[in-house]
Each structure stands twice: as structure tokens, then as C-alpha cells.
Amino acid sequence: MISIIGDWRAKRYQGNGAETERTIAMSKFPWKTLTAGAVLLAGTALAFAAQLAPGGGPMGGPGAMHQQMHEQMMRGQGGLPQGMPGGLNGHGAMHGQNFGAATLPTSPGQDAFGAIQEIVQILQADPTTDWTKVNIAALREHLIDMNEVTLHAKADAQMTDNGIVIAVTGDGRTRDAIKRMVPAHVHELAGLGWHANTAELPDGVKLTVTANQAVSLAKLKALGFIGIMVQGGHHQPHHLMMAKGAFVH
Ligand SMILES: [Cu+2]
């Protein structure tokens, strides 16, 4: 059963547009003309699709997306060789892949490259994707911002009696990224019940977070700038929305 699911998933993801179209075409095929095996495969695919989208949409919420991402990760992000021989597009080859997975690398080699690859594969696997709105370049710009803020921003933190004050600064592209990302993050922190605000600095932003019942002073001190920035887990769904052209960070 697992390997059948694996076949279907791989077929949806590994391919380009042509593979995706073939999957769609198969779903329109008259049921009585299908072989028993193909019925089982299609039925499993539908069941699995339903599992992935409990909300009825192509992406059934963060939980479904996480599951989908995990499936992709386990499969090496669809990086299987193209044009595999075998029945339903490489059934035999998939069995080989399942049992010899340790021989295939899973890392795309670069974090942002992998994040973009994952999003593109999700969009290609979704027949409802509106390619007139998709904007992968916008996602790339945001991932560059994330790289600047995570790795290149200078963060000088000072503890006060009731919170933490962090001067987040940088030059050029780093400064621009700080000014885009840090104030936006304050809204996410508010959603978690944290009291945070920002003030403009010439070369960045001053972030102030006050301890309360949602976050203690000791925890703020331990988290520091980047520990505060990673709160909320909103980036993953936002990245997908950004790529779909439906969200501006
Ligand atoms: Cu992000």
C-alpha cells in the first residue's frame, strides 16, 4: 500500500507539466475500462488527496501542508530520475527507490533553492494553480530578506527590568530586509499574545518586547533576536501564498 502511494505521489511531483497533465487525464478515464490494479491505484490516490486536503482546498491548512512537505522530504523532494521504465510510469523503478532510498541524496544543496523547489513542486502538482498569478521571483526576494536577517543582521540586545530591547542593524540589502521583516513580525507576535513594537533606526529597527504571561523575561533573554523572530511558524504558509501571488510580505 505504501509503495502504491509512493508511485502516485512521485508521479505527481517528479514530473514537469506533462506528468501532471497525465495524472489529471487519468482521473477522467472511465472507471469500468480501468484494470483492477489501476482502480486500486486511482482509489488510493483519491483517498490520499482527500487526506491531504481535509479543508476541501488544494492545501488543507498548515497540518496538511506539513504532511505534504514531510512526504516530499522522505521521497527526496521528487528528485528521482526522469523517464523511468515500467508500467504506470516506473512502478518497478519505484520499488527499487523505496528499498534503496539510502543511496539517493535528499539535500537540494542550498536552503533557499530547496524551499523554492518545494513550493514550485506543490504548485505544479495542484491543478487549480493559476499560473497567471504565480510569482516565484517575489518568493526569492523574500528568501533573500530572510537570509540577510538571519545571517547578516547585527543584533545588539539589552535587557531591561521588564523586557528586551534589540537594535537590529545592517547595511544596504541587509538594512532593507530588516526594515521589511522585523516590523511585520510584530503583528505575528501580537497574535501570540506577546507585547512587541518597533521603532525606526537610521540603519535598521529597534525591536522591543515586554515580558508578560505569554513570555517570561528569562525566556526573552534566552531567545534573543532570532529566537524571537522564529516565533509563530507563519513563514511556510506565507511563502506558498507569496508564490501564488496572493500575498505580499
Ligand atoms: Cu519567510
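Let me start with one pair of strands: strand S3, residues 195–201, is joined to strand S4 by seven bridges, and the two run antiparallel. They form a hairpin, with two residues between them, and if you look for alanine 196 you will find that its bridge partner in S4 is valine 209. I should say at once that what we are looking at is a predicted model, and that we should speak about it with that in mind.

Now let us step back to the whole chain. The protein chain has 10 helices and four strands, and when you read along the sequence the pattern is α-α-α-α-α-α-α-β-β-α-β-β-α-α. Of its 249 residues, 24% count as buried, and of the contacts with a separation of 6 or more, 63% are between residues 24 or more positions apart.

How are the four strands ordered in the sheet? The order is S1-S2-S4-S3, in an open sheet with antiparallel pairing. S1 and S3 each have a single partner strand and stand at the edges, so one side of each is left without a neighbour in the sheet. From one strand to the next the twist averages 20°. S4, which we met in the hairpin with S3, is also joined to S2 by seven bridges, again with the two strands running antiparallel, and here valine 168 has valine 205 as its bridge partner in S4.

Two helices lie across this sheet, and it helps to take them in turn. H8 lies across S2, S3 and S4, and runs at about 20° to S4, whereas H9 lies across S1, S2 and S4, running at about 15° to S2.

That brings me to the nonpolar core. The largest one has 21 residues, and those with the most contacts inside it are Val149, Val168, Ile178, Val182, Leu207 and Val209. Strand S2 (163–169), helix H8 (172–191), strand S4 (204–210) and helix H9 (217–229) are the elements that give two or more residues to this core, and the largest share, five residues, comes from H8. As a general point, nonpolar side chains in soluble globular proteins tend to be buried together. For a single example, take leucine 207, which, leaving aside its neighbours within four places in sequence, is in contact with Ile166, Val168, Val182, Ala196 and Thr198. There is also a second, separate core of seven residues, which includes Ala115, Ile122, Ala125 and Met242.

Let us turn next to the meeting of two helices. The axes of helix H7, residues 136–152, and H8 come within 8 Å and cross at roughly 100°, which means that H7 is roughly perpendicular to H8. By class, their contact has four nonpolar, two polar and four charged residues. On the H7 side we find Asp145, Glu148, Val149 and His152, and these meet Arg173, Thr174, Ala177, Ile178, Arg180 and Met181 in H8.

I will finish with one residue, methionine 159, which lies in strand S1, residues 154–159. Is methionine 159 buried, exposed or partly exposed? Methionine 159 is partly exposed, because 13 other C-beta atoms lie within 10 Å, and a residue would need 20 or more to count as buried. Leaving aside its neighbours within four places in sequence, methionine 159 is in contact with Ile164 and Lys221. Methionine 159 and valine 209 are 50 residues apart in sequence, and their C-alpha atoms are 9.9 Å apart in space.

Technical notes. Residues are numbered from 1 along each chain as its sequence is written. This is a predicted model: local features need pLDDT of at least 70, side-chain atom pairs count only at pLDDT 80 or more; totals for chains, interfaces and linings use all residues. A nonpolar core is a set of buried Ala, Val, Leu, Ile, Met, Phe, Trp, Tyr and Cys residues joined through C-beta atoms within 7 Å. A residue is buried if 20 or more other C-beta atoms lie within 10 Å of its own, exposed if 12 or fewer, and partly exposed in between; C-beta atoms are placed from the backbone. Two residues are in contact if their C-beta atoms, placed from the backbone, lie within 7 Å. Two strands pair if DSSP finds at least two bridges between them. Axes are lines fitted to C-alpha atoms, for helices over the stretch in contact, and angles run from 0 to 180 degrees between N-to-C directions. Angles under 35 degrees count as roughly parallel, over 145 as roughly antiparallel, 65 to 115 as roughly perpendicular and the rest as oblique. Ala, Val, Leu, Ile, Met, Phe, Trp, Tyr, Cys and Pro count as nonpolar, Asp, Glu, Lys and Arg as charged, and the others, Gly among them, as polar.
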